[in-house]
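Please look over the structure shown below before reading on. The briefing deals in turn with domains, pockets and salt bridges.

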Amino acid sequence: MASVNSDEWRAVCDKFTNAQNLTEVESRNDPENDPFRSKYKARELLREIYCSLKSFEAGEGEEESGGESGEQRPTEQPVDGQREDGQGISGDSPAGMRAAKLGAVEYYLGVNHVDTEELSAGQEHLMNCMKLLDRCRVSSENVSLFIHVRNQLGILWAGRDETEMAQGFLETAESNYQRYMKEDGSPPIDMTEYFTSEENLLTHQERTKRFELAYTHTMYYLAQVYQNLGETERAATYCHSTLQRQLQLNQFNPMEWALNAATLSQYYITKGRYMEGRHCLSAATVISGLAGEVPSEAAAQESETESERREHLRQKRAEIARCWIKYCLNLLQDSKKLLEDNIGELDTDRQDELKRARRREEEEEEKGRKSALLFGSEDTFDSIASLEEKVLCLFPLDFTEARSVFLVGQNYVTQAKEYFQMDGYVTDHIEILQDHSSLFRALAFFEEDLERRCKMHKRRVDMLEPICNDLNSQYYLLIRRQLMFELAETYSEMMDLKLTLANRQADTQSLDNHTIKKFNSLCSASAKYFQMFLDSLCSPEGKFPEILEEEVLRPALVARFRVARLHSRLISSVPPVQLENLNRSLENYKYVVQYCEAHPEAAAAAETELELSKEMVGLLPLKINRLKARMAANN
């Protein structure tokens with residue numbers, strides 16, 4: 001502003017520096033009963049700067065611009081400020097610089113009002129900034145302000161759950177950045193430099209860093225917008241790019257970054273993209289290490305700050321460990337789906353076929369790594385790669401490979417349980433135990449030795465049974481139901497394994513008493529837990545519901561079917577006991593058939609079970625009658 005004397009301009013610059021200091025430094029120490037004291041002081045200084053700029057402008061015969069906007073609902077054009085006809089004030093002209101400086105003050109006033117929770121006033125100032133910039137073409141003098149103001153408006157509208165409005169502003173900011181980098185690309189002026197003396201201007205390196213950080217924020221907010229719009233793949237891409245840019249710019253909080261990367265891994269896992277999932281988790285583990293050591297209990301007792309830091313680090317690292325558990329569990333389960341035959345056993349032909357294809361997959365993995373957007377800086381890249389090498393990202397195809405994945409998962413189970421203990425974190429602790437149990441179940445699929453497979457299932461029982469029996473059913477009913485069902489299925493799997501082992505050694509007719517006793521014990525335990533599940537559906541008076549709720553419909557019908565099947569399999573040489581078991585079996589098969597007849601829509605929930613139940617309702621009465629006739633003949 002050529003007509004302004006240097007003393008007047010220095011006074012403006014000093015006020016701006018003071019306003020920035022009040023906003024960014026002093027405000028942290030504002031008292032609880034006056035939390036915005038420094039921000040209000042900064043606002044007065046910004047208003048004074050605005051008045052000074054307007055008076056300078058009036059002195060040069062400039063027409064006033066800006067104006068009221070109220071609670072308008074602005075709309076964004078695809079690329080703001082880039083007019084089709086090439087018209088508009090040049091950004092580096094005196095008029096262009098005046099518009100940028102006034103726009104910057106409107107921007108800072110807008111942010112100030114948003115910070116003090118005066119959103120309508122904040123929006124008005126931000127829109128005034130937009131109007132001023134709309135007169136100008138995008139250039140190195142104003143592009144940073146173009147992006148910042150759209151980021152702020154994007155955040156403002158997202159906070160009001162106006163996601164599509166937010167999307168418009170943020171996508172325009174993205175377009176501004178991309179077009180500028182394509183057409184110019186030089187380090188642009190930062191908004192703070194509008195009010196800085198020549199000797200204090202930023203270096204090109206610092207300008208670049210601030211500009212790239214503003215665009216990183218654009219990507220970060222767009223990731224959230226796309227997530228809220230249900231565009232998960234696009235959201236993941238933007239989240240990945242944001243995390244990478246934060247590392248490159250060295251602008252991140254280690255634990256926050258690590259948790260975001262671990263969360264992103266869960267998206268990749270659900271899509272079967274295990275290489276990317278593993279990379280995110282390895283990076284999360286390495287970067288979380290940059291947050292430093294967890295303070296000792298003794299240090300935490302001496303200082304409240306250290307106590308909070310200890311709690312924060314332990315919790316976040318435990319959460320990352322839980323993400324690793326999910327990675328290992330899903331990798332094993334997806335591999336099992338690939339390898340199992342139609343009765344749930346390992347298909348060796350399929351296994352051989354997949355092993356032959358493995359070499360090609362390994363070559364593809366290497367290509368994929370080179371084309372993927374990898375996290376890391378010079379300091380962390382090797383550490384991340386080293387951690388990745390410790391766990392597979394291709395599907396394990398035999399017991400040795402599956403066990404290596406299992407052991408990684410089990411190690412993270414131990415880490416997660418150290419923080420999420422039963423005392424204080426009941427639900428979290430049990431979920432971790434359930435994941436541990438599922439890891440054993442997935443590993444058991446790959447184990448050829450049936451005796452060892454049975455021992456793995458026994459570990460699951462030992463893990464879950466005490467918890468299930470000790471939990472208060474009033475407060476943890478849903479969790480108890482899950483545990484009952486899993487225990488019932490686990491005992492059933494053990495029973496089948498014991499019978500298969502016995503049949504390999506002898507004919508069913510000549511099973512020894514020890515084997516029969518063991519088989520019956522497992523069979524009864526399975527039936528007991530299925531029955532406990534069914535009992536949990538009863539009213540306080542013990543009445544079973546006439547209509548099953550949708551969320552328990554399939555489990556209840558399956559439990560009835562399994563109870564029927566288990567009672568028919570109990571081995572006894574005493575006819576009255578045999579008769580009682582068969583009658584109980586028939587009663588439960590009949591329930592499945594009759595319920596589906598009374599509620600035809602329920603049939604789809606348990607098609608296989610219904611078909612077999614109908615068959616057994618036809619066959620069991622014949623078996624029962626034969627047994628009764630034999631008993632009558634013997635009396």
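The domain bounds used here come from an automatic or database domain assignment. By that assignment the protein chain is divided into domain 1 (262-291 + 307-342 + 378-448), domain 2 (449-538) and domain 3 (546-634). This is a predicted model, in which local features need pLDDT of at least 70 and side-chain atom pairs count only at pLDDT 80 or more, while totals for chains, interfaces and linings use all residues. Residues are numbered from 1 along each chain as its sequence is written, and side-chain values use heavy atoms, with hydrogens and water left out.

**Domain 2 and domain 3**

- The centres of domain 2 and domain 3, taken over C-alpha atoms, are separated by 19 Å.
- Contact, which means heavy atoms within 4.5 Å, joins 20 residues of domain 2 to 15 residues of domain 3.
- Buried area is the accessible area (1.4 Å probe) that two parts lose on being put together, summed over both, and between domain 2 and domain 3 it is about 1,500 Å², of which carbon and sulfur atoms give 72%.
- On the domain 2 side, C523, F530 and L534 lose the most area to domain 3, together 27% of what that side buries.

**The largest pocket**

- A pocket is found on a 1 Å grid over the protein atoms alone, as an open set of points where a 1.4 Å probe fits, with protein on both sides within 12 Å along at least five of seven lines, and its lining residues have an atom within 4 Å of a point.
- The largest pocket has a volume (the space filled by probe spheres set on the points, which are joined across faces, edges and corners) of about 940 Å³.
- Its lining holds 28 residues, of which E24, Y107, Y108, H148 and H217 lie nearest the centre of the pocket.
- Helices are DSSP runs (H or I, at least four residues) numbered from the N terminus, and α7 gives the largest share of this lining, 7 residues.

**The second largest pocket**

- The second largest pocket contains about 800 Å³ of space, and among its 19 lining residues I343, G344, E345, E493 and D496 lie nearest its centre.
- Two or more lining residues come from each of α16 (426-446), α17 (450-470), α18 (477-505) and α20 (550-569), with α18 giving the largest share, 6 residues.
- Because domain 1 and domain 2 both give residues to its lining, the second largest pocket lies between them.

**Salt bridges**

- A salt bridge is a side-chain nitrogen of Lys or Arg within 4 Å of a carboxyl oxygen of Asp or Glu, and by this rule the count comes to 32.
- Between domain 2 and domain 3 the count is 2 salt bridges.
- The side chains of R569 and D496 meet in a salt bridge, at 2.9 Å from N to O.
- E345 forms a salt bridge with R453, the closest N and O atoms being 3.4 Å apart.
- Since E345 lies in the loop between α12 (304-339) and α13 (348-371) and R453 in helix α17, this pair ties together parts that are 108 residues apart in sequence.
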